[in-house]
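Visitor: I would like a walk through this structure. Please keep the answers short.

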Amino acid sequence: FWVAGDLRDSFPFGDEDNTFTGNVDNEINGNWILAPTGSIHEARLKAKVKRRLRKNSSRDSGRGDSLSDNGDVVRSVVPPTSPKGKLLNRRSRMGKGRGLPKKGGAGGKGVWGTPGQVYDEDKVDVKDPNYDAEQESCIYETVVLPLDEETFEKTVTPIVQEYFEHGDANEVAELLAELNLGSMRGDVPMLAVSLALEAKASHRELTSRLLSELCECVLTAADVEASFHKLLKELPDLVLDTPGAPQMLGQFIARAVADNILPKSFIDGYKGRVDCEYSRAALDRAAVLLRMSRWTGLRIDSLWGSGGGQRPVNQLIKEVNLLLKEYLLSGDTVEAERCLRELEVPHFHHEFVYEAVIMVLESKGNRTLQMVLQLLKSFCASTVITVDQLRRVCWSV
């Protein structure tokens, strides 16, 4: 190369064919050169391509780009070398394999081994520097925190309500055994009786059975006695929601004494010491029932009656016939509807219709027919008896 100064001394001015008119200084890569027009154009192209390659070197470092003699970019087929390129490439880097999962399916996130693999217990290495001989005698147990008052009510209430549906006392005992009741153990009978006061007669019968079953495994006689003491103290509040709470609580006390889960001295201990009229009414009701059981042979275990579905079919048919005969004598449809609802057998109402039809067919005169039609019309209007139950009886007759 030779450095070009002022090119005006070397070339005459005014020559139109000369390509270097004016100042034709050219710079490529920091070097001043003087070259023909074609060479200058090629040098500019090469410099432009080099600048482009340097600019994108970090992004396209793995492509293996090169520059040919005529200035074109030549991309060589070279496997990617950047870490990003390796991660995106799903093919085996070893150049072999059938595309099967790695490690036979035992690898990957959230995988603990091949399907069906059973792990043995880890053996303690005595030579381990972290080995502690005292750890072998340690016993690890799950610690369940005792329930407080708020958590107790939220946890035990659904258990009792579900028991009213299935009637399995053993399941309730297992669920309560899993809980750490702590000081709230004595409140289980109290909560069960409080819920039963607002429920049906069949639910109260189930509650009496539940207390008898739990007293053998989960509760003690002291827990049951403490619960009934609390119920007598809270009777003024219970009466606000259930006006008949004193009489029903008295029946619960009498039933508990008959089932031997409450001492007979429980009632005698309150003589002359009760100021609340509701508590006095409950204790008097329990005392009267116990005296009647001794003198007249009253069965206290059947105070609440049998729950609807638990009664035998023959007994239900007898009660339905008594209900119809009483209605034919009194003509009170409201009382007949109340007695039918108290049976708690809505699935058995078709039998009521059947017995009513049989009674009409066996009767003489038109009076029985008119009264039965009026009764069935009233029951259909109050949805006690459905249209399907009527149709079932018609098909069977």
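Visitor: Is Lys230 buried, partly exposed or exposed?
Guide: This is a predicted model. Lys230 has a relative accessibility of 36%. Buried means under 20% and exposed means over 50%. Lys230 therefore counts as partly exposed.

Visitor: Which residue does the side chain of Lys230 meet in a salt bridge?
Guide: Side chains of opposite charge can pair when their charged atoms come close. Here the N to O distance is 2.7 Å. The pair links distant parts of the chain, 43 residues apart, with Lys230 in helix H7 and its partner in the loop between H4 and H5. That partner is Asp187.

Visitor: Is Asp187 buried or exposed?
Guide: The cut-off for buried is under 20% relative accessible area. Asp187 has 13% relative accessibility, so it counts as buried.

Visitor: Which helix follows the loop that holds Asp187, and how many of its residues are buried?
Guide: Asp187 sits in the loop between H4 and H5. Helix H5 covers residues 188-197. Its buried residues include Val188, Met190, Ser194 and Leu197. H5 is largely enclosed by the rest of the structure, because the buried count is 10 of the 10 residues.

Visitor: Which helices do the buried residues of H5 pack against?
Guide: Contact here means heavy atoms within 4.5 Å. The packing partners of the buried H5 residues are helix H3 (149-166), helix H4 (169-177), helix H6 (201-217), helix H7 (221-233), helix H8 (235-241) and helix H9 (245-258).

Visitor: Which residue forms a salt bridge with Glu205 in helix H6?
Guide: The two residues both lie in H6, four residues apart, about one turn of the helix. Their closest N and O atoms are 3.0 Å apart. Glu205 is buried, with a relative accessible area of 3%. The partner is partly exposed at 37% relative accessibility, and it is Arg209.

Visitor: Which residues are linked with Glu205 and Arg209 in a network of salt bridges?
Guide: Glu205 and Arg209 form a salt bridge. They also belong to a network of salt bridges. The other members are Arg255 and Asp259.

Visitor: What is the N to O distance between Lys154 and Glu150?
Guide: Both residues lie in helix H3, four residues apart, about one turn of the helix. Both are exposed. Their side chains meet in a salt bridge, with an N to O distance of 3.3 Å.

Visitor: How many salt bridges does a search of the whole structure find?
Guide: The Lys230 and Asp187 pair is a salt bridge. So is the Lys154 and Glu150 pair in H3. The count for the whole structure is eight.

Visitor: Which elements give two or more residues to the negative patch?
Guide: Glu162, Glu165, Asp168, Glu171, Glu174 and Glu178 gather in this surface patch. The elements that give two or more residues to the patch are H3 and H4. Glu165 is placed in helix H3. Glu165 counts as exposed, at 66% relative accessibility.

Visitor: Which helix holds Arg51 of the positive patch?
Guide: Arg51 gathers on the surface with Lys46, Lys48, Lys50, Arg52 and Arg54. Arg51 is partly exposed, with a relative accessible area of 49%. Its helix covers residues 37-55 and is H1.

Visitor: What share of the residues in the chain is buried?
Guide: The chain has 16 helices and four strands. It exposes about 27500 Å². Of its 397 residues, the buried share is 33%.

Note on methods. Residues numbered from 1 in each chain as written. Predicted model: local features only at pLDDT ≥ 70, side-chain atom pairs only at ≥ 80, totals over all residues. Heavy atoms only, no water. Buried < 20%, exposed > 50% of the residue type's maximum accessible area, 1.4 Å probe, protein only. Areas by Shrake-Rupley, 256 points an atom, 1.4 Å probe, with all protein chains shown as cover. Patch = residues over 30% accessible without salt bridge, like charges linked within 9 Å, V, L, I, M, F, W, Y side chains within 5 Å. Salt bridge = Lys/Arg side-chain N within 4 Å of Asp/Glu carboxyl O. Lys, Arg positive; Asp, Glu negative; His and termini not counted. Charge placed at Lys NZ, Arg CZ, Asp CG, Glu CD.
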